[in-house]
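Morning, everyone. I'd like to take a few minutes to walk you through the model I've been looking at. Have it open on your screens and stop me if you get lost.

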Amino acid sequence: MRIEDNKYARNAFYFNLCVVCDRNARAIQYEPVVQKLSHTLRDLEMESSFLSTQQENPIARARLTNFLNTVMTDLNKNKVCKLTDGTISLYLKVIELRKDPPTVKDWDVPVLTKPYRKIPHEKWDLTTQKYSNIYAPTTKIHQLYANRPLQDQCINCIKIKGEEKPIWGDVFRFLCRFNHCNTVKQVCCIVNPATLRFNERKLIQWACLEGFLQRVHKYPVSVCEGTSQSWNGTHCMDEICLALNMSYGKLNDKFEHDPTVSMICK
């Protein structure tokens, strides 16, 4: 940083402030700290020659050393630092900068462009094909087994208005029916949620948001040469449906009756 003034030998005073981090560390979150502390030191220099008299003034040198040691210790330990010295009050905080969220694809959040009752069944988009989806429990599912507050939260979210609350054992068994093979429709045929007094769509939505269920996608792989590049195991069914403007059910039937195409579920 440069401070211009005729009182300095070369009409300007220069100083540099930085933080030393591990070479693999993400240091961008320290930039506001360095900037704020630099401006404070600049103001102190302009008011009382705090930096330029370090060699001649042992008291100023001790204050600066104490400042920097406090900043380093507190930021490493607590990610926050409060400096108070006479009339100086400085608050520093390291704000964690998270990574950018993943890009949302078109097939991740499909929307209806007209009332769904006016759309022929064969032209339903991905939003209305939820019963063809496949879900699987995550490793967090065991937390639901003994966590009563989570169970109550789930039941209050999925209960059907005007009816008694569902029994938690029925809800938990329904969740455990999901695997990499069964669709929502197949699970509902095995365990009828309507007779158990809960809304299966709300349950799946709640479980996905809380991390107890995860979506399992199908990826078609063709063993024949000359087929579409989308059928190479890297494009999911939702993506292909959107690209071909074809319903999930029709595309799934096409692949099921094609002996040259295999499905990878992951």
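I'll start with the whole chain, then go through the cores, and finish with a few single residues.

First thing to keep in mind: this is a predicted model. The protein chain averages a pLDDT of 84, and 90% of the residues score at least 70. The stretch to be wary of is residues 124-128, where the pLDDT is below 50. That stretch has 14 contacts in the model beyond its near neighbours in sequence.

So what does the chain look like overall? You've got 9 helices and 8 strands. How spread out is it, set against a compact globule? The radius of gyration is 31 Å, and the globule rule gives 18 Å for 266 residues, so the chain is more spread out than a compact globule. If you box up the C-alpha atoms along the principal axes, you get roughly 85 × 55 × 35 Å.

A couple of other totals. Buried residues make up 34% of the 266 residues. The accessible surface comes to about 18,100 Å², and 52% of that belongs to carbon and sulfur atoms. As for contacts between residues at least 6 apart in sequence, 56% of them join residues at least 24 apart.

Okay, on to the cores. The largest nonpolar core has 25 residues, and the ones touching the most other members are Leu-144, Phe-174, Phe-178 and Leu-203. Which elements give two or more residues to it? Those are α4 (148-158), α5, α6 (184-190) and α7 (200-210). The largest share, 5 residues, comes from α5.

Zoom in on Phe-178 for a second. Leaving out residues up to four places away in sequence, Phe-178 touches Tyr-135, Ala-136, Pro-137, Val-184, Val-187, Ile-204 and Leu-213. There's also another core lying apart from the largest one, with 24 residues, and among them are Tyr-8, Phe-15, Leu-41 and Leu-51.

Staying with α5, which covers residues 168-176, have a look at Asp-170 in that helix. Is Asp-170 buried or exposed? Its relative accessible area is 17%, so Asp-170 counts as buried. Its side chain has a partner, too: a polar contact of 2.7 Å joins it to the side chain of Arg-173. The spacing fits a general point about helices: an α-helix has 3.6 residues a turn, so residues three or four places apart point the same way.

Next is Asn-182, in the loop between α5 and α6. Its side chain reaches the backbone oxygen of Arg-177 at 3.5 Å. Not counting residues up to four places away, Asn-182 touches Asn-133, Ile-134, Tyr-135, Arg-177, Val-187 and Ile-190. Tyr-135 and Val-187 are on the Phe-178 list as well.

For anyone thinking about cysteines, Cys-208 lies in helix α7. Cys-208 counts as partly exposed because its relative accessibility is 30%. Outside its neighbours within four places in sequence, Cys-208 is in contact with Tyr-135 and Leu-213. Its C-alpha is 14 Å from that of Phe-172, which sits 36 residues away along the chain.

Further along we come to α8, residues 237-244. What are the buried residues of α8? They are Met-237, Asp-238, Glu-239, Ile-240 and Cys-241, so don't expect just greasy side chains there. The buried residues of α8 pack against β6 (213-216), β7 (218-222), α9 (248-256) and β8 (261-265).

Just after α8, Asn-245 takes a positive phi of about 55°. Positive phi turns up elsewhere too. Asn-11, in the loop between β1 (2-4) and β2 (12-14), has a phi near 65°. At 43% relative accessibility, Asn-11 counts as partly exposed. Then there's Ser-49, in the loop between α1 (31-48) and α2 (58-78). Ser-49 has a positive phi of about 55° although it is not a glycine, and with a relative accessible area of 17% Ser-49 is buried.

That's the tour, so over to you.

Notes: Residues are numbered from 1 along each chain as its sequence is written. This is a predicted model: local features need pLDDT of at least 70, side-chain atom pairs count only at pLDDT 80 or more; totals for chains, interfaces and linings use all residues. Side-chain values use heavy atoms; hydrogens and water are left out. Helices (H or I, at least four residues) and strands (E, at least two) are DSSP runs, numbered from the N terminus. Buried means under 20% relative accessible area, exposed over 50%, partly exposed in between (1.4 Å probe, protein chains only). A polar contact is a pair of N or O atoms within 3.5 Å; within protein, one must be able to donate a hydrogen and the other to accept it, and residues adjacent in sequence count only if both atoms are side-chain atoms. pLDDT is the predictor's confidence in each residue, from 0 to 100. Contact means heavy atoms within 4.5 Å. A nonpolar core is a set of buried Ala, Val, Leu, Ile, Met, Phe, Trp, Tyr and Cys residues joined through side-chain atoms within 4.5 Å. The radius of gyration is taken over C-alpha atoms; the globule rule is 2.2 Å times the number of residues to the power 0.38. Accessible areas come from the Shrake-Rupley method with a 1.4 Å probe; for residues, only the protein chains shown count as cover.
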